[in-house]
Amino acid sequence: MKHLVVIFSVLVVVVSCNQFDHHPYEVSRHTKYNNLNLKSIGALNNVGKNDTLKIALIGDTQRFFKGTDRVVEKINAEKNVDFVIHTGDLTDFGVESEYEMMHEELTELDYPYLLVVGNHDEIGNGDILYDKFYGNDDFSFQLGHTKFVFINTNSREHDFDNSTPNLSWLESELKDTATYEQAVLVMHVPPFNGDFNSGKEKEFVEIINRYKKTLLCINGHLHQHAYHNPYNDDIFYLNTASAKEQQFIDLRIWEGGYKFELK
Amino acid sequence: MRRLVLMAGLLALASNLLAQSDSTKKLSWLIPTEVRVQYAGNIGAVSVGPAWNIFNENFNIHIGIGYTPVPKMRSRDIFSGNFKLTYTPKTTIRLGNNFDLKPLVFGFAYSHTYGRRYNKYNNTSLYEKGYYWWDPANRFGFYYSPEINIETNNKTLKAVALYFETSIWDMGIYTLTGNGNRDQLNFYDVSSFGAGVRFKFY
């Protein structure tokens, strides 16, 4: 009987470690973390209209824990970063344990980070996990002179059913031009990629050009850094490298302009 | 899910036939030698199913249905079909008059998750082959599950075994061994625990 008591005690200790995974695609009733984007926005320091924002851009950390660790070290070596933008694909498999582990890796950052949802983050029940961990797929906030608009562009993960990207939401964010000076769009899949709904591509580009206040588009998904304007308009797309490359983009934004450097 | 129901129906039919006729004794191997109930371990919050000894008592195969509730209206509860091949060497540590510890129990596990959410990636009109390099619906894993075996005096239920399982699955193996991650992660980060009961009839 003593043996059973010892074994039972060991089991109780183990259970308290919360390692009893039910299923790869489980969604815990109470996830370990929640509303992370909202909490990061709340942690941002105030920025004046004449200040220059300093933002570190990373993306596609999916299963690159070592690479992410190196990038975090590089960003922490920088001074006065306002915040970090992650351009999606936090995870590879879109499962809860991976959401937890990669977020915990990113909590090593000295600065708040914001995540836009990537296609890998929506695999299985990943779309539900993203909502639980980070909040709404589509969201925006203003910091000083710039409005940041994060939008889900993972059309393939939504069966190209015309729900994604949500263009009516995007237009509602951009059309009231009196409320902001300039806008920066953040997405995972860029509109010129095959995973973006081609039936929505033209309208998407028209909307972000229509109000003449879009400064820049930032995206991930392509796993390598690039900077180009594929539609020969005024709006450039800044692609982040994957964490495998152990690189981040040092982006500075001021009213009416920006510059960046790959580090 | 339909396949599982069909399988259960065939098993029930086979058991019924075996009970009715001596001429079907040749099919007696279809009668399960145990029933297993497991909590967690990456095959479902609860998994239940029969098992059979094959060759001898050292080798055992198990099939089960796993159920995992999902607390959100956007997804349905998760059903999975599970298969386990267990190897139990004869090594036994006697703990008392009628119970002992089997410290070395190992196995291979496979789990398939039912539902479009997990299988749509095989729809080639949506995803070209290999779009995702792994198959989200199918998982493979290895486990170690020492057990305490309690013998009964019952003629039908010969023994009840309580086991504690530590498993590692393909996703965990990929995560731990790929991309130089071993500096950041360890076995504990990617392994899973489960616990269960084996009701043995043999």
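Two strands count as paired when DSSP finds at least two bridges between them. The model on display is predicted, and the tour starts from a pair that meets this criterion.

**First selection: residues 53-58 and 249-254 of chain A.** These are strands β1 and β10, which run antiparallel and are joined by 5 bridges. To locate one of them, select Leu53(A); its bridge partner in β10(A) is Ile253(A).

**Second selection: the whole sheet.** Extend the view to the 5 strands of chain A that form an open sheet, ordered β3-β2-β1-β10-β11, with mixed pairing. At its edges lie β3 (113-115) and β11 (257-262) of chain A, each of which pairs on one side only. From one strand to the next, the twist averages 25 degrees.

**Third selection: the contact between chains A and B.** Select the 44 residues of chain A and the 51 residues of chain B that take part in the contact. Together the two chains bury about 4,300 Å², with 59% of this area on carbon and sulfur atoms.

**Fourth selection: Asp127(A) and Arg117(B).** This pair forms a salt bridge, its closest N and O atoms lying 2.9 Å apart. Across the interface of chain A and chain B, 3 salt bridges are found. Residue pairs in polar contact between the two chains number 32, counting those with both residues at pLDDT 80 or more.

**Last selection: the side of chain A that touches chain B.** Colour α1 (2-16), α3 (65-76), α4 (96-106) and α5 (126-134) of chain A, the elements that each give two or more residues to this side. The largest share, 5 residues, comes from α1(A). Colouring by class shows 18 nonpolar, 10 polar and 16 charged residues on this side.

Methods. Residues numbered from 1 in each chain as written. Chains lettered and ligands numbered in written order. Predicted model: local features only at pLDDT ≥ 70, side-chain atom pairs only at ≥ 80, totals over all residues. Heavy atoms only, no water. Helix = DSSP H or I, 4+ residues; strand = E, 2+ residues; numbered from the N terminus. Axes fitted to C-alpha atoms, helices over the stretch in contact; angles between N-to-C directions. Contact = heavy atoms within 4.5 Å. Buried area = accessible area lost by both parts, 1.4 Å probe. Salt bridge = Lys/Arg side-chain N within 4 Å of Asp/Glu carboxyl O. Polar contact = N/O pair within 3.5 Å; in protein donor to acceptor, adjacent residues only side chain to side chain. Nonpolar A, V, L, I, M, F, W, Y, C, P; charged D, E, K, R; others polar.
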